[in-house]
Amino acid sequence: MERKFVLSAYPDNEIQKGNLKKISTYLIEQTYLAYQPTQQIRVRKIVSIQTGYVKYTHTFKEGSGIIRDEIEYEISKEIYEQLINMANKQALIKTRSIWQLSGMNTYIEIDQYEQIPLLVAEVEFQNEEEVDKFIPPNWFGGDVSLDKRLGNYQLWLQVQHSK
């Protein structure tokens, strides 16, 4: 379960005030292998900016909107490369920084996309109660959780059409 918000700018003021504590940063290359309106299969190459460690994942998502089921597991570099070569598509590339909100057990993922001028904050939840209780900080932009045009698959499609 997740909610997604468009940011007008990186929250530098919040960082300077100490309201956000950086946990980690990753470079993510994401490619979709299959898609239906309520199901997606994707692969990712995830590189830790801090350590250089590279991880490859295969993910199946089902559902739409805020509440979706997700199965994700790690795969080998060789399997990842075979799938990418078979797909013959360009990856959606983003830098993801994970932050902790001061005084809260809430983590925010801020994604800055490389090919598309877009900056989003995403908050993941364990259950519907957490979703309902969450009050976004003032610096968050509009809630776009239900806007399919800003879903990663649609953004990935934009990248395919801009080749």
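Helix 3 supplies the largest share of the lining of the second largest pocket, with three residues. The model is predicted. This second pocket holds about 490 Å³ of space. Its lining comprises 16 residues, and those closest to the centre are Asn-105, Tyr-107, Glu-124, Phe-125 and Glu-130. Three elements each give two or more residues to this lining: strand 7 (107-113), strand 8 and helix 3 (128-133). By class, eight of the lining residues are nonpolar, three are polar and five are charged.

The largest pocket was examined in the same way. Its volume is about 750 Å³. A total of 37 residues line the largest pocket. Closest to its centre are Glu-2, Arg-42, Lys-61, Glu-122 and Asn-152. Strands 1 (2-6), 2 (20-36), 3 (39-48), 4 (54-64), 5 (67-75), 6 (92-101) and 8 (119-124) each contribute two or more residues to the lining. Helix 4 (152-161) also contributes two or more. Strand 3 gives the most, with five residues. Charged residues number 17 in the lining of the largest pocket, alongside eleven nonpolar and nine polar residues.

Strand 8 appears in both descriptions. Two or more of its residues line the largest pocket, and two or more line the second largest pocket. The main contributors are strand 3 for the largest pocket and helix 3 for the second largest.

How values were computed:
Residues are numbered from 1 along each chain as its sequence is written. This is a predicted model: local features need pLDDT of at least 70, side-chain atom pairs count only at pLDDT 80 or more; totals for chains, interfaces and linings use all residues. Side-chain values use heavy atoms; hydrogens and water are left out. On a 1 Å grid over the protein atoms alone, a cavity is a set of points where a 1.4 Å probe fits but cannot get out, and a pocket is an open set with protein on both sides within 12 Å along at least five of seven lines; lining residues have an atom within 4 Å of a point. Grid points are joined across faces, edges and corners, and a volume is the space filled by probe spheres set on the points. Helices (H or I, at least four residues) and strands (E, at least two) are DSSP runs, numbered from the N terminus. Ala, Val, Leu, Ile, Met, Phe, Trp, Tyr, Cys and Pro count as nonpolar, Asp, Glu, Lys and Arg as charged, and the others, Gly among them, as polar.
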